[in-house]
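Trainee: Could you take a close look at one part of this model for me, and tell me how it sits in its surroundings? I would like one connected account that I can follow on the structure.

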Amino acid sequence: MSDRKKIQLPLTPEDVKDLKAGDRVLLSGPLYVGRDQAHQRLVDLLEAGKPLPIAIEGETIYFAGPSPAKPGQVIGSCGPTTSYRMDPYSPALIALGLRGMIGKGARGEAVVEAMLEHGAVYFTAVGGAAALIARSVTSMEVVAYEDLGPEALRRLVVEDFPVIVAQDSHGGNQYEDGIKEYARM
Amino acid sequence: MRVIPAERITEAIKDLAIRANYDLGEDVLTALKNGRDSEESPVGREILDQLLENAEIAAKERVPMCQDTGYAAVFVEIGHDAFIEGDIQAAVDEGVRQGYEEGYLRKSIVGDPLRRKNTGDNTPAALTVEFVPGDKVTVTIAPKGGGSENMSMARQFAPAVGRQGVIDFVVNRVKESGSNPCPPVVVGVGIGGTFDLCARLAKKSLMRDIGIRHPDPFYAELELEILEQVNNLGIGPMGLGGKVTALDVHVEYYPCHIASLPVAVNMQCHAARHKTAVI
(Lines give C-alpha, C1' and ligand atoms only; values in the text may rest on other atoms or scores of the structure.)
Protein backbone atom coordinates (compact mmCIF):
# COMPACT_ATOMS: atom_id res chain seq x y z
CA MET A 1 0.00 0.00 0.00
CA SER A 2 3.07 2.26 0.15
CA ASP A 3 2.48 3.43 -3.43
CA ARG A 4 -0.80 5.03 -2.47
CA LYS A 5 -1.18 8.80 -2.57
CA LYS A 6 -2.62 10.24 0.63
CA ILE A 7 -5.01 13.08 -0.03
CA GLN A 8 -6.80 15.36 2.40
CA LEU A 9 -10.38 16.37 1.55
CA PRO A 10 -11.73 18.75 0.44
CA LEU A 11 -9.86 18.42 -2.87
CA THR A 12 -7.98 21.47 -4.15
CA PRO A 13 -7.91 22.32 -7.87
CA GLU A 14 -4.22 21.25 -7.79
CA ASP A 15 -5.13 17.86 -6.28
CA VAL A 16 -7.60 17.32 -9.10
CA LYS A 17 -5.08 18.32 -11.74
CA ASP A 18 -2.40 16.01 -10.30
CA LEU A 19 -4.56 12.90 -10.11
CA LYS A 20 -4.21 10.51 -13.05
CA ALA A 21 -6.33 7.51 -14.04
CA GLY A 22 -5.03 4.41 -12.31
CA ASP A 23 -3.64 6.25 -9.26
CA ARG A 24 -4.35 4.48 -5.99
CA VAL A 25 -5.39 6.96 -3.35
CA LEU A 26 -6.26 7.08 0.35
CA LEU A 27 -8.77 9.86 1.05
CA SER A 28 -9.18 11.50 4.45
CA GLY A 29 -11.57 14.25 5.50
CA PRO A 30 -15.19 15.25 4.97
CA LEU A 31 -17.40 14.22 2.04
CA TYR A 32 -21.09 13.95 1.20
CA VAL A 33 -22.97 10.73 0.52
CA GLY A 34 -25.90 10.75 -1.87
CA ARG A 35 -27.41 8.53 -4.55
CA ASP A 36 -30.32 8.47 -7.00
CA GLN A 37 -33.17 10.22 -5.22
CA ALA A 38 -30.99 12.75 -3.35
CA HIS A 39 -29.44 13.75 -6.69
CA GLN A 40 -32.90 14.06 -8.24
CA ARG A 41 -33.96 16.43 -5.45
CA LEU A 42 -30.80 18.55 -5.69
CA VAL A 43 -31.17 18.96 -9.43
CA ASP A 44 -34.91 19.67 -9.11
CA LEU A 45 -34.02 22.55 -6.74
CA LEU A 46 -31.41 23.87 -9.17
CA GLU A 47 -33.88 23.80 -12.04
CA ALA A 48 -36.44 25.63 -9.91
CA GLY A 49 -33.80 28.26 -9.07
CA LYS A 50 -33.98 27.41 -5.34
CA PRO A 51 -31.06 27.11 -2.88
CA LEU A 52 -29.52 23.71 -2.16
CA PRO A 53 -29.40 22.30 1.39
CA ILE A 54 -25.61 21.87 1.05
CA ALA A 55 -22.77 23.92 -0.45
CA ILE A 56 -21.38 21.94 -3.38
CA GLU A 57 -18.32 23.98 -4.28
CA GLY A 58 -15.07 22.11 -3.73
CA GLU A 59 -16.89 19.09 -2.35
CA THR A 60 -16.74 15.39 -3.04
CA ILE A 61 -19.86 13.22 -3.29
CA TYR A 62 -19.74 9.49 -2.62
CA PHE A 63 -22.51 7.56 -4.39
CA ALA A 64 -23.70 5.14 -1.72
CA GLY A 65 -26.65 4.10 0.41
CA PRO A 66 -25.36 2.49 3.61
CA SER A 67 -27.00 -0.38 5.45
CA PRO A 68 -28.36 0.44 8.94
CA ALA A 69 -25.71 0.85 11.66
CA LYS A 70 -25.71 -1.75 14.40
CA PRO A 71 -25.57 -0.40 17.97
CA GLY A 72 -22.04 0.94 18.53
CA GLN A 73 -21.25 1.32 14.83
CA VAL A 74 -20.63 4.73 13.23
CA ILE A 75 -22.23 3.54 10.00
CA GLY A 76 -23.42 0.28 8.50
CA SER A 77 -21.74 -1.33 5.51
CA CYS A 78 -21.21 1.37 2.90
CA GLY A 79 -19.72 0.39 -0.42
CA PRO A 80 -20.22 2.37 -3.64
CA THR A 81 -23.26 2.10 -5.88
CA THR A 82 -23.17 2.10 -9.70
CA SER A 83 -22.40 5.60 -10.92
CA TYR A 84 -23.95 5.81 -14.40
CA ARG A 85 -27.33 6.32 -12.75
CA MET A 86 -26.02 9.66 -11.47
CA ASP A 87 -24.86 10.69 -14.98
CA PRO A 88 -28.00 12.76 -15.70
CA TYR A 89 -27.38 14.85 -12.57
CA SER A 90 -23.60 15.13 -12.17
CA PRO A 91 -22.84 17.74 -14.90
CA ALA A 92 -25.04 20.36 -13.19
CA LEU A 93 -23.32 19.73 -9.85
CA ILE A 94 -19.84 19.80 -11.43
CA ALA A 95 -20.73 23.16 -13.02
CA LEU A 96 -21.49 24.37 -9.47
CA GLY A 97 -17.99 23.39 -8.35
CA LEU A 98 -18.28 19.73 -7.34
CA ARG A 99 -14.68 18.52 -7.51
CA GLY A 100 -14.78 14.83 -6.68
CA MET A 101 -17.11 11.88 -7.17
CA ILE A 102 -16.71 8.37 -5.81
CA GLY A 103 -18.73 5.42 -7.08
CA LYS A 104 -18.24 2.38 -9.24
CA GLY A 105 -18.47 1.85 -12.99
CA ALA A 106 -17.72 4.08 -15.96
CA ARG A 107 -19.20 7.56 -16.46
CA GLY A 108 -20.78 8.82 -19.66
CA GLU A 109 -19.66 11.49 -22.13
CA ALA A 110 -21.56 14.43 -20.66
CA VAL A 111 -20.03 13.83 -17.24
CA VAL A 112 -16.54 13.53 -18.72
CA GLU A 113 -17.01 16.79 -20.65
CA ALA A 114 -18.07 18.57 -17.46
CA MET A 115 -15.06 17.09 -15.62
CA LEU A 116 -12.70 18.40 -18.31
CA GLU A 117 -14.35 21.81 -18.47
CA HIS A 118 -14.60 22.52 -14.75
CA GLY A 119 -11.84 20.32 -13.30
CA ALA A 120 -13.27 17.33 -11.47
CA VAL A 121 -12.12 13.77 -10.81
CA TYR A 122 -13.97 10.48 -10.59
CA PHE A 123 -12.76 7.75 -8.23
CA THR A 124 -13.93 4.18 -7.95
CA ALA A 125 -14.13 2.41 -4.62
CA VAL A 126 -14.26 -1.38 -4.59
CA GLY A 127 -17.89 -2.43 -5.06
CA GLY A 128 -18.87 -4.98 -2.44
CA ALA A 129 -16.02 -4.13 -0.05
CA ALA A 130 -18.61 -2.43 2.12
CA ALA A 131 -17.69 -3.78 5.56
CA LEU A 132 -14.04 -2.87 4.92
CA ILE A 133 -14.91 0.65 3.74
CA ALA A 134 -17.12 1.21 6.81
CA ARG A 135 -13.97 0.92 8.94
CA SER A 136 -12.58 4.09 7.37
CA VAL A 137 -15.62 6.16 8.36
CA THR A 138 -15.07 8.10 11.58
CA SER A 139 -18.30 10.11 11.70
CA MET A 140 -21.68 10.22 10.00
CA GLU A 141 -24.68 12.53 10.10
CA VAL A 142 -27.78 12.88 7.97
CA VAL A 143 -27.85 16.44 6.57
CA ALA A 144 -30.99 16.33 4.40
CA TYR A 145 -33.77 14.13 3.01
CA GLU A 146 -34.02 11.86 6.05
CA ASP A 147 -37.33 10.58 4.63
CA LEU A 148 -35.34 8.80 1.90
CA GLY A 149 -33.95 6.30 4.42
CA PRO A 150 -30.87 4.66 2.89
CA GLU A 151 -30.93 7.34 0.16
CA ALA A 152 -30.75 10.29 2.59
CA LEU A 153 -28.02 12.90 2.04
CA ARG A 154 -25.24 12.30 4.55
CA ARG A 155 -22.01 13.95 5.70
CA LEU A 156 -19.17 11.59 6.50
CA VAL A 157 -15.66 12.05 7.73
CA VAL A 158 -13.35 9.34 6.43
CA GLU A 159 -9.80 8.32 7.19
CA ASP A 160 -7.70 6.50 4.62
CA PHE A 161 -10.67 5.55 2.44
CA PRO A 162 -9.08 3.40 -0.35
CA VAL A 163 -10.09 4.48 -3.87
CA ILE A 164 -8.66 4.37 -7.39
CA VAL A 165 -8.80 7.20 -9.94
CA ALA A 166 -11.03 5.76 -12.66
CA GLN A 167 -11.51 8.83 -14.89
CA ASP A 168 -9.38 11.94 -14.45
CA SER A 169 -9.74 15.63 -15.31
CA HIS A 170 -7.55 15.25 -18.43
CA GLY A 171 -9.64 12.59 -20.15
CA GLY A 172 -7.67 9.63 -18.77
CA ASN A 173 -9.84 6.53 -18.39
CA GLN A 174 -8.61 3.50 -16.45
CA TYR A 175 -11.55 1.37 -17.66
CA GLU A 176 -10.47 1.79 -21.29
CA ASP A 177 -6.74 1.53 -20.56
CA GLY A 178 -7.18 -1.56 -18.37
CA ILE A 179 -9.26 -3.43 -20.93
CA LYS A 180 -6.79 -2.55 -23.70
CA GLU A 181 -3.98 -3.96 -21.63
CA TYR A 182 -5.61 -7.27 -20.72
CA ALA A 183 -8.05 -8.08 -23.56
CA ARG A 184 -7.13 -11.08 -25.70
CA MET A 185 -9.57 -10.97 -28.56
CA MET B 1 -48.04 -36.74 3.20
CA ARG B 2 -45.66 -34.73 5.39
CA VAL B 3 -47.25 -31.59 6.83
CA ILE B 4 -44.95 -28.59 7.32
CA PRO B 5 -46.27 -25.51 9.11
CA ALA B 6 -45.63 -22.31 7.12
CA GLU B 7 -43.78 -20.88 10.16
CA ARG B 8 -40.93 -23.27 9.39
CA ILE B 9 -40.48 -21.48 6.05
CA THR B 10 -40.43 -18.11 7.84
CA GLU B 11 -37.71 -19.28 10.25
CA ALA B 12 -35.58 -20.69 7.44
CA ILE B 13 -35.85 -17.56 5.29
CA LYS B 14 -35.00 -15.27 8.20
CA ASP B 15 -31.88 -17.26 9.03
CA LEU B 16 -30.80 -17.63 5.39
CA ALA B 17 -31.33 -13.92 4.62
CA ILE B 18 -28.94 -12.95 7.40
CA ARG B 19 -26.34 -15.61 6.66
CA ALA B 20 -26.41 -14.97 2.90
CA ASN B 21 -25.51 -11.33 3.60
CA TYR B 22 -22.88 -11.97 6.32
CA ASP B 23 -21.12 -15.15 5.22
CA LEU B 24 -19.58 -15.40 1.78
CA GLY B 25 -20.14 -18.94 0.44
CA GLU B 26 -17.24 -21.41 0.53
CA ASP B 27 -17.58 -21.84 -3.23
CA VAL B 28 -17.20 -18.08 -3.73
CA LEU B 29 -14.26 -17.79 -1.32
CA THR B 30 -12.43 -20.54 -3.19
CA ALA B 31 -13.17 -18.90 -6.54
CA LEU B 32 -11.97 -15.48 -5.33
CA LYS B 33 -8.75 -17.00 -3.93
CA ASN B 34 -8.12 -18.82 -7.21
CA GLY B 35 -8.84 -15.59 -9.05
CA ARG B 36 -6.38 -13.76 -6.81
CA ASP B 37 -3.70 -16.30 -7.75
CA SER B 38 -4.31 -16.14 -11.49
CA GLU B 39 -4.96 -12.41 -11.88
CA GLU B 40 -2.14 -10.62 -13.73
CA SER B 41 -3.23 -7.04 -13.05
CA PRO B 42 -1.74 -5.60 -9.82
CA VAL B 43 -4.82 -3.40 -9.31
CA GLY B 44 -7.00 -6.46 -9.94
CA ARG B 45 -5.09 -8.47 -7.34
CA GLU B 46 -5.42 -5.67 -4.82
CA ILE B 47 -9.18 -5.50 -5.41
CA LEU B 48 -9.51 -9.26 -4.89
CA ASP B 49 -7.45 -8.95 -1.69
CA GLN B 50 -9.82 -6.25 -0.46
CA LEU B 51 -12.80 -8.49 -1.20
CA LEU B 52 -11.27 -11.41 0.72
CA GLU B 53 -10.49 -9.12 3.66
CA ASN B 54 -14.01 -7.69 3.45
CA ALA B 55 -15.49 -11.20 3.63
CA GLU B 56 -13.47 -11.91 6.77
CA ILE B 57 -14.61 -8.69 8.45
CA ALA B 58 -18.27 -9.31 7.56
CA ALA B 59 -18.24 -12.87 8.87
CA LYS B 60 -16.37 -12.00 12.05
CA GLU B 61 -18.23 -8.81 12.95
CA ARG B 62 -21.62 -10.18 11.79
CA VAL B 63 -22.30 -7.30 9.39
CA PRO B 64 -23.45 -7.32 5.76
CA MET B 65 -20.57 -7.80 3.30
CA CYS B 66 -22.26 -5.31 0.95
CA GLN B 67 -24.59 -2.42 1.76
CA ASP B 68 -26.85 -3.54 -1.08
CA THR B 69 -28.43 -6.45 0.72
CA GLY B 70 -30.58 -7.00 -2.28
CA TYR B 71 -34.00 -8.01 -3.48
CA ALA B 72 -34.85 -11.32 -1.80
CA ALA B 73 -35.03 -13.72 -4.74
CA VAL B 74 -36.48 -16.87 -3.18
CA PHE B 75 -36.94 -20.34 -4.66
CA VAL B 76 -39.11 -22.84 -2.77
CA GLU B 77 -39.07 -26.42 -4.04
CA ILE B 78 -41.92 -28.43 -2.57
CA GLY B 79 -41.78 -32.22 -2.60
CA HIS B 80 -44.84 -33.97 -4.06
CA ASP B 81 -45.33 -35.65 -0.67
CA ALA B 82 -44.91 -32.47 1.38
CA PHE B 83 -47.75 -30.12 2.28
CA ILE B 84 -47.10 -26.60 3.51
CA GLU B 85 -49.84 -25.57 5.90
CA GLY B 86 -50.46 -21.84 5.41
CA ASP B 87 -49.75 -19.02 2.98
CA ILE B 88 -46.33 -19.57 1.37
CA GLN B 89 -45.83 -16.02 0.04
CA ALA B 90 -46.83 -14.56 3.42
CA ALA B 91 -44.49 -16.95 5.24
CA VAL B 92 -41.57 -16.05 2.95
CA ASP B 93 -42.28 -12.31 3.25
CA GLU B 94 -42.42 -12.58 7.04
CA GLY B 95 -39.02 -14.30 7.00
CA VAL B 96 -37.61 -11.51 4.84
CA ARG B 97 -39.15 -8.86 7.12
CA GLN B 98 -37.66 -10.41 10.27
CA GLY B 99 -34.27 -11.22 8.73
CA TYR B 100 -33.78 -7.75 7.23
CA GLU B 101 -34.79 -6.04 10.47
CA GLU B 102 -32.86 -8.20 12.93
CA GLY B 103 -29.82 -8.48 10.67
CA TYR B 104 -29.53 -4.71 10.12
CA LEU B 105 -29.87 -5.29 6.39
CA ARG B 106 -30.73 -2.42 4.08
CA LYS B 107 -34.35 -2.09 2.98
CA SER B 108 -33.99 -1.66 -0.76
CA ILE B 109 -37.48 -2.26 -2.16
CA VAL B 110 -39.87 0.45 -3.38
CA GLY B 111 -43.53 -0.51 -3.43
CA ASP B 112 -44.17 0.95 -6.85
CA PRO B 113 -41.62 1.29 -9.67
CA LEU B 114 -42.77 4.79 -10.66
CA ARG B 115 -43.82 6.44 -7.40
CA ARG B 116 -40.86 4.79 -5.61
CA LYS B 117 -41.84 4.80 -1.95
CA ASN B 118 -39.75 2.36 0.09
CA THR B 119 -41.81 -0.49 1.59
CA GLY B 120 -39.64 -0.19 4.70
CA ASP B 121 -39.11 -3.91 5.34
CA ASN B 122 -37.60 -5.19 2.08
CA THR B 123 -40.77 -7.12 1.21
CA PRO B 124 -42.19 -8.56 -0.91
CA ALA B 125 -39.81 -11.32 -1.92
CA ALA B 126 -39.55 -12.36 -5.57
CA LEU B 127 -40.85 -15.89 -5.01
CA THR B 128 -40.72 -18.87 -7.34
CA VAL B 129 -42.41 -22.11 -6.27
CA GLU B 130 -41.53 -25.40 -7.96
CA PHE B 131 -42.62 -28.99 -7.39
CA VAL B 132 -40.09 -31.81 -7.10
CA PRO B 133 -40.11 -35.50 -6.02
CA GLY B 134 -39.87 -36.39 -2.30
CA ASP B 135 -41.32 -35.09 0.95
CA LYS B 136 -38.87 -32.29 1.65
CA VAL B 137 -39.10 -28.55 1.11
CA THR B 138 -35.94 -26.82 -0.14
CA VAL B 139 -35.67 -23.10 0.41
CA THR B 140 -33.06 -20.96 -1.36
CA ILE B 141 -32.52 -17.23 -1.04
CA ALA B 142 -30.31 -15.10 -3.26
CA PRO B 143 -30.18 -11.47 -2.10
CA LYS B 144 -29.94 -9.84 -5.53
CA GLY B 145 -28.12 -6.53 -5.77
CA GLY B 146 -29.35 -3.82 -8.11
CA GLY B 147 -26.05 -3.19 -9.89
CA SER B 148 -25.75 -6.68 -11.32
CA GLU B 149 -29.49 -7.17 -11.85
CA ASN B 150 -29.63 -3.99 -13.97
CA MET B 151 -27.25 -5.54 -16.52
CA SER B 152 -29.71 -8.35 -17.35
CA MET B 153 -31.02 -8.85 -20.86
CA ALA B 154 -33.39 -11.22 -22.65
CA ARG B 155 -33.83 -11.72 -26.35
CA GLN B 156 -35.92 -13.89 -28.67
CA PHE B 157 -33.59 -15.17 -31.41
CA ALA B 158 -34.41 -17.04 -34.59
CA PRO B 159 -33.35 -20.69 -34.13
CA ALA B 160 -30.88 -20.26 -37.02
CA VAL B 161 -28.44 -18.28 -34.83
CA GLY B 162 -27.71 -21.57 -33.03
CA ARG B 163 -25.02 -22.24 -30.46
CA GLN B 164 -22.62 -19.59 -31.76
CA GLY B 165 -25.34 -16.95 -31.73
CA VAL B 166 -26.02 -17.72 -28.08
CA ILE B 167 -22.32 -17.48 -27.18
CA ASP B 168 -21.93 -14.16 -29.00
CA PHE B 169 -24.99 -12.68 -27.29
CA VAL B 170 -23.84 -13.66 -23.79
CA VAL B 171 -20.21 -12.59 -24.27
CA ASN B 172 -21.32 -9.29 -25.77
CA ARG B 173 -23.69 -8.70 -22.88
CA VAL B 174 -20.86 -9.14 -20.37
CA LYS B 175 -18.66 -6.85 -22.47
CA GLU B 176 -21.28 -4.09 -22.63
CA SER B 177 -21.93 -4.39 -18.90
CA GLY B 178 -18.24 -3.65 -18.24
CA SER B 179 -17.58 -2.45 -14.72
CA ASN B 180 -21.24 -2.06 -13.70
CA PRO B 181 -22.23 -5.51 -12.33
CA CYS B 182 -19.22 -5.66 -9.90
CA PRO B 183 -16.96 -8.10 -11.74
CA PRO B 184 -15.67 -10.75 -11.39
CA VAL B 185 -19.25 -11.86 -11.97
CA VAL B 186 -21.13 -15.11 -12.20
CA VAL B 187 -22.99 -15.16 -15.51
CA GLY B 188 -26.39 -16.85 -15.41
CA VAL B 189 -27.78 -17.89 -18.79
CA GLY B 190 -31.25 -19.19 -19.55
CA ILE B 191 -31.85 -20.79 -22.94
CA GLY B 192 -35.29 -21.86 -24.17
CA GLY B 193 -38.72 -21.97 -22.57
CA THR B 194 -41.03 -19.00 -23.08
CA PHE B 195 -39.91 -15.35 -22.80
CA ASP B 196 -40.67 -15.21 -19.06
CA LEU B 197 -39.51 -18.73 -18.21
CA CYS B 198 -36.18 -18.08 -19.94
CA ALA B 199 -35.38 -15.18 -17.61
CA ARG B 200 -36.28 -17.34 -14.64
CA LEU B 201 -33.92 -20.08 -15.84
CA ALA B 202 -31.12 -17.52 -15.94
CA LYS B 203 -31.90 -16.47 -12.37
CA LYS B 204 -32.19 -20.07 -11.19
CA SER B 205 -28.79 -20.95 -12.65
CA LEU B 206 -27.26 -18.46 -10.19
CA MET B 207 -28.40 -20.64 -7.27
CA ARG B 208 -25.87 -23.28 -8.34
CA ASP B 209 -22.51 -23.26 -6.55
CA ILE B 210 -19.52 -21.89 -8.46
CA GLY B 211 -17.55 -24.69 -10.11
CA ILE B 212 -20.50 -27.07 -10.47
CA ARG B 213 -21.05 -27.88 -14.15
CA HIS B 214 -24.32 -28.54 -15.93
CA PRO B 215 -25.03 -32.30 -15.79
CA ASP B 216 -25.44 -32.47 -19.60
CA PRO B 217 -21.90 -32.51 -21.11
CA PHE B 218 -23.10 -30.47 -24.11
CA TYR B 219 -24.17 -27.61 -21.84
CA ALA B 220 -21.20 -28.10 -19.49
CA GLU B 221 -18.90 -27.53 -22.47
CA LEU B 222 -20.92 -24.48 -23.53
CA GLU B 223 -20.47 -23.01 -20.02
CA LEU B 224 -16.70 -23.44 -20.17
CA GLU B 225 -16.47 -22.01 -23.68
CA ILE B 226 -18.41 -18.87 -22.69
CA LEU B 227 -16.31 -18.56 -19.51
CA GLU B 228 -13.08 -18.61 -21.48
CA GLN B 229 -14.30 -15.98 -23.94
CA VAL B 230 -15.61 -13.76 -21.13
CA ASN B 231 -12.27 -13.95 -19.35
CA ASN B 232 -10.52 -12.88 -22.55
CA LEU B 233 -12.48 -9.60 -22.58
CA GLY B 234 -9.94 -7.93 -20.29
CA ILE B 235 -12.58 -6.29 -18.06
CA GLY B 236 -11.11 -7.70 -14.83
CA PRO B 237 -11.99 -6.98 -11.19
CA MET B 238 -14.27 -3.91 -10.93
CA GLY B 239 -13.75 -3.31 -14.66
CA LEU B 240 -10.31 -1.74 -14.23
CA GLY B 241 -8.61 -4.33 -16.44
CA GLY B 242 -7.54 -7.90 -15.81
CA LYS B 243 -7.88 -11.56 -16.56
CA VAL B 244 -10.57 -12.45 -14.05
CA THR B 245 -13.85 -11.05 -15.38
CA ALA B 246 -16.11 -13.97 -14.43
CA LEU B 247 -15.84 -16.57 -11.68
CA ASP B 248 -18.17 -18.91 -13.55
CA VAL B 249 -20.87 -19.26 -16.20
CA HIS B 250 -24.02 -21.26 -15.46
CA VAL B 251 -26.47 -22.32 -18.15
CA GLU B 252 -29.95 -23.76 -17.68
CA TYR B 253 -32.15 -24.82 -20.60
CA TYR B 254 -35.75 -25.80 -21.19
CA PRO B 255 -37.72 -27.05 -24.23
CA CYS B 256 -38.93 -24.24 -26.48
CA HIS B 257 -41.22 -23.51 -29.44
CA ILE B 258 -40.15 -24.63 -32.94
CA ALA B 259 -40.07 -20.94 -33.97
CA SER B 260 -38.07 -19.68 -30.97
CA LEU B 261 -34.65 -19.51 -29.37
CA PRO B 262 -35.06 -17.37 -26.25
CA VAL B 263 -31.86 -16.41 -24.41
CA ALA B 264 -31.61 -14.50 -21.13
CA VAL B 265 -28.57 -13.27 -19.21
CA ASN B 266 -28.77 -12.52 -15.50
CA MET B 267 -25.55 -11.62 -13.73
CA GLN B 268 -24.45 -11.92 -10.12
CA CYS B 269 -21.74 -9.76 -8.58
CA HIS B 270 -18.55 -11.31 -7.19
CA ALA B 271 -20.29 -12.17 -3.89
CA ALA B 272 -22.68 -14.54 -5.71
CA ARG B 273 -24.84 -14.64 -2.58
CA HIS B 274 -27.07 -17.69 -2.27
CA LYS B 275 -27.94 -19.91 0.69
CA THR B 276 -30.12 -23.02 0.86
CA ALA B 277 -31.87 -24.95 3.63
CA VAL B 278 -33.75 -28.25 3.42
CA ILE B 279 -36.81 -28.63 5.64
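**Helix 3 of chain B and the contact with chain A**

Mentor: Between chain B and chain A the count is 4 salt bridges, and it should be said at once that the model is a predicted one. In one of these salt bridges the side chain of B:Glu46 meets that of A:Arg24, with 2.2 Å from N to O. The part of chain B that gives the most to the side touching chain A is helix 3, residues 42-61, which contributes 11 residues. Taken as a whole, that side of chain B divides into 19 nonpolar, 16 polar and 9 charged residues.

Now to the helix itself. Helix 3 of chain B has 20 residues and reaches 28 Å from its first C-alpha to its last, close to the 28 Å expected at 1.5 Å a residue. At its N-terminal end, B:Ser41 acts as a cap, with a side-chain oxygen 3.3 Å from the backbone nitrogen of B:Val43, while just after the helix B:Arg62 takes a positive phi of about 55°.

Many positions can be followed along the helix: its buried residues include B:Val43, B:Glu46, B:Ile47, B:Gln50, B:Leu51, B:Asn54, B:Ala55 and B:Ala58. As you trace them, remember that an α-helix has 3.6 residues a turn, so residues three or four places apart point the same way. The cover over the buried residues of helix 3 comes from both chains, and includes strand 2 (24-33), helix 5 (130-134) and strand 7 (153-167) of chain A, together with helix 1 (6-22) and helix 2 (26-38) of chain B.

Around the helix lies the wider interface. The contact takes 44 residues from chain B and 44 residues from chain A, and the area buried between them is about 3,700 Å², of which carbon and sulfur atoms give 57%. Of the area that chain B buries against chain A, B:Gln67, B:Tyr104 and B:Leu240 supply 19%, more than any other three residues. Polar contacts are present as well, with 19 residue pairs found across the interface, both partners at pLDDT 80 or more.

One of those three residues, B:Leu240, leads to a partner in chain A: its backbone oxygen lies 3.4 Å from a polar atom of the side chain of A:Gln174. A:Gln174 has its place in helix 6 (residues 174-182) of chain A, and it counts as buried because its relative accessible area is 14%, under the 20% cut-off. Leaving aside residues up to four places away in sequence, A:Gln174 touches A:Ala21, A:Gly22, A:Val165 and A:Ala166 as well as B:Leu240.

Notes
Residues are numbered from 1 along each chain as its sequence is written. Chains are lettered from A and ligands numbered from 1 in the order in which they are written. This is a predicted model: local features need pLDDT of at least 70, side-chain atom pairs count only at pLDDT 80 or more; totals for chains, interfaces and linings use all residues. Side-chain values use heavy atoms; hydrogens and water are left out. Contact means heavy atoms within 4.5 Å. Buried area is the accessible area (1.4 Å probe) that two parts lose on being put together, summed over both. A polar contact is a pair of N or O atoms within 3.5 Å; within protein, one must be able to donate a hydrogen and the other to accept it, and residues adjacent in sequence count only if both atoms are side-chain atoms. Helices (H or I, at least four residues) and strands (E, at least two) are DSSP runs, numbered from the N terminus. Ala, Val, Leu, Ile, Met, Phe, Trp, Tyr, Cys and Pro count as nonpolar, Asp, Glu, Lys and Arg as charged, and the others, Gly among them, as polar. The expected span of a helix is 1.5 Å times one less than its number of residues. Buried means under 20% relative accessible area, exposed over 50%, partly exposed in between (1.4 Å probe, protein chains only).
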